[in-house]
Amino acid sequence: VQGHAGRLVFGDLKGKTCVCMQGRFHMYEGHSLCKTTFPVRVFKLLGVETLVVTNAAGSLADGLQIGDIMIIKDHINFPGLVGLNPLTGPNEDRFGPRFPAMSGCYHKGLRCLAMEVAKDLDVAAIMQEGVYAMVGGPNFESIAEARLLHRVGVDAVGMSTAPEVVVATHCGMRVFGLSLITNKVGKSYEDSDSVNHEGVLEVGRLRSDTVQQLVTELIRRMEINNNTSTAV
Ligand SMILES: O=P(O)(O)O[C@@H]1C[C@H](O)[C@@H](CO)O1
């Protein structure tokens with residue numbers, strides 16, 4: 001998508017072998033879910049053990065402000081709930097089981113470690129845990145949709161991430177996720193502010209150093225088995 005570099009970068013980060021996707025495929029660009037999640041399966045075959053996902057998201061929770069960083073504790077995969085799931089079709093048994101569990105798919109130990117890292121980097125004040133929801137996009141939410149999402153317990157909404165996490169969990173990877181809050185999602189008919197992609201990218205640029213420091217330090221402190229790597 002415009003504004004994403006679209007590069008795969010391989011390297012060593014603080015002594016850990018990593019592969020980094022600078023950008024991703026989105027369902028709203030017309031890609032199949034099989035294609036949007038294809039890199040995750042490639043990573044699995046490369047020996048990746050841990051997937052770190054980041055995204056831009058709009059906040060529905062009153063306590064999440066623009067520029068805050070939400071550690072994803074769980075997700076609602078709206079496309080998945082209506083059958084748009086990357087695992088649809090014959091199961092690939094060599095990757096994982098037909099009916100994978102999704103409870104606990106955002107690794108608790110890594111979430112706790114991230115909060116410790118945030119405290120040590122003095123950014124804990126802008127970090128909290130919450131529930132991310134994926135919607136199909138590409139339009140941003142109407143007021144009535146925003147109210148619906150808020151009522152069902154969504155803290156932040158975006159247009160990606162859940163399919164990649166489903167595929168990573170299916171094949172037994174550990175997952176850690178962060179949402180950068182780039183805008184507030186209007187829930188009142190009196191609100192005049194409206195969100196746009198340029199604003200989303202701008203907040204991304206403003207917080208990119210902080211997100212980079214958090215992820216780098218998290219990876220440095222992460223326990224891993226020998227001969228495995230991390231995908232970001
Ligand atoms: O790829 P992510 O989910 O981080 O990007 C979000 C969703 C849309 O692609 C875009 C909207 O501005 O930001």
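This briefing walks through one helix, a buried arginine, the salt bridges, a buried isoleucine and a few unusual backbone spots. Keep in mind that the model is predicted. Helix H6 covers residues 197-221 and bends by about 55 degrees at Arg207. Eight salt bridges turn up in the count, yet Arg174 is buried and has none.

**Helix H6**

- H6 has 25 residues, and at 1.5 Å a residue these should span 36 Å. The C-alpha atoms at its ends sit 34 Å apart, which agrees with that expectation.
- Where does H6 bend? Look at Arg207, where the angle is about 55 degrees.
- At the N-terminal end, Asn196 acts as the cap for H6. A side-chain oxygen of Asn196 lies 3.1 Å from the backbone nitrogen of Glu198.
- Buried residues in H6 include Val200, Leu201 and Val203. Thr210, Val211, Leu214 and Val215 are buried as well, and so are Glu217, Leu218 and Ile219.
- A bit of helix geometry helps when reading that list: an α-helix has 3.6 residues a turn, so residues three or four places apart point the same way.

**Arg174, a buried charge**

- You'll find Arg174 in strand S7, which covers residues 174-184.
- Which side chain of opposite charge is nearest to Arg174? It's Glu49, at 4.0 Å, but Arg174 has no salt bridge.
- Arg174 does have a polar contact: its side chain pairs with the side chain of Thr50 at 3.0 Å.
- Among the residues that Arg174 touches, beyond those up to four places away in sequence, are Glu49, Thr50 and Leu51. His107 and Leu110 are also on that list, along with Met222, Glu223 and Ile224.

**Salt bridges**

- Some background first: side chains of opposite charge can pair when their charged atoms come close.
- The count for this model is eight salt bridges.
- Lys187 and Asp62 form one of these, with 3.4 Å from N to O. The pair links distant parts of the chain, 125 residues apart: Lys187 is in the loop between S7 and H6, while Asp62 is in the loop between strands S3 (48-59) and S4 (69-77).
- Lys187 counts as partly exposed because its relative accessibility is 22%, whereas Asp62, at 57%, counts as exposed.
- Glu129 and Arg111 meet at 3.0 Å, N to O. Glu129 belongs to strand S5 (residues 127-134) and Arg111 to helix H3 (residues 108-120), so this salt bridge ties together parts that are 18 residues apart in sequence.
- Is Arg111 buried or exposed? Its relative accessibility is 13%, so Arg111 counts as buried. Glu129 is partly exposed, at 33%.
- Arg94 pairs with Glu92 at 3.3 Å, N to O. Arg94 is exposed, with a relative accessible area of 64%, and Glu92 is partly exposed, at 32%.
- There's a network too: salt bridges link Asp120, Glu217, Arg220 and Arg221. Glu217 is one of the buried residues of H6.

**Ile71, a buried residue in S4**

- Ile71 sits in strand S4 and is buried, with a relative accessible area of 0%.
- How far apart are Ile71 and Leu180 in space? The answer is 8.9 Å, C-alpha to C-alpha, even though 109 residues separate them in sequence.
- Leaving out residues up to four places away in sequence, Ile71 touches Arg111, Ala114 and Met115. It also touches Met127, Gln128, Glu129 and Gly130, plus Phe176, Gly177 and Leu178.
- So Ile71 contacts both Arg111 and Glu129, the two partners of the 3.0 Å salt bridge.

**Backbone oddities**

- Gly137 and Pro138 are joined by a cis peptide bond, with omega at about 0 degrees. Pro138 is in the loop between S5 and helix H4 (143-151).
- Asp122 isn't a glycine, but its phi is positive, near 65 degrees. Asp122 lies in the loop between H3 and S5 and, at 72% relative accessibility, counts as exposed.
- Thr161 isn't a glycine either, and its phi is about 75 degrees, again positive. Thr161 lies in the loop between strand S6 (156-158) and helix H5 (162-170).
- Is Thr161 buried or exposed? Thr161 is buried, with a relative accessible area of 0%.

Terms used
Residues are numbered from 1 along each chain as its sequence is written. This is a predicted model: local features need pLDDT of at least 70, side-chain atom pairs count only at pLDDT 80 or more; totals for chains, interfaces and linings use all residues. Side-chain values use heavy atoms; hydrogens and water are left out. Helices (H or I, at least four residues) and strands (E, at least two) are DSSP runs, numbered from the N terminus. The expected span of a helix is 1.5 Å times one less than its number of residues. The bend at a residue is the angle between axes fitted to the seven residues ending there and the seven starting there. Buried means under 20% relative accessible area, exposed over 50%, partly exposed in between (1.4 Å probe, protein chains only). A polar contact is a pair of N or O atoms within 3.5 Å; within protein, one must be able to donate a hydrogen and the other to accept it, and residues adjacent in sequence count only if both atoms are side-chain atoms. Lys and Arg count as positive and Asp and Glu as negative; His and the chain ends are not counted. Contact means heavy atoms within 4.5 Å.
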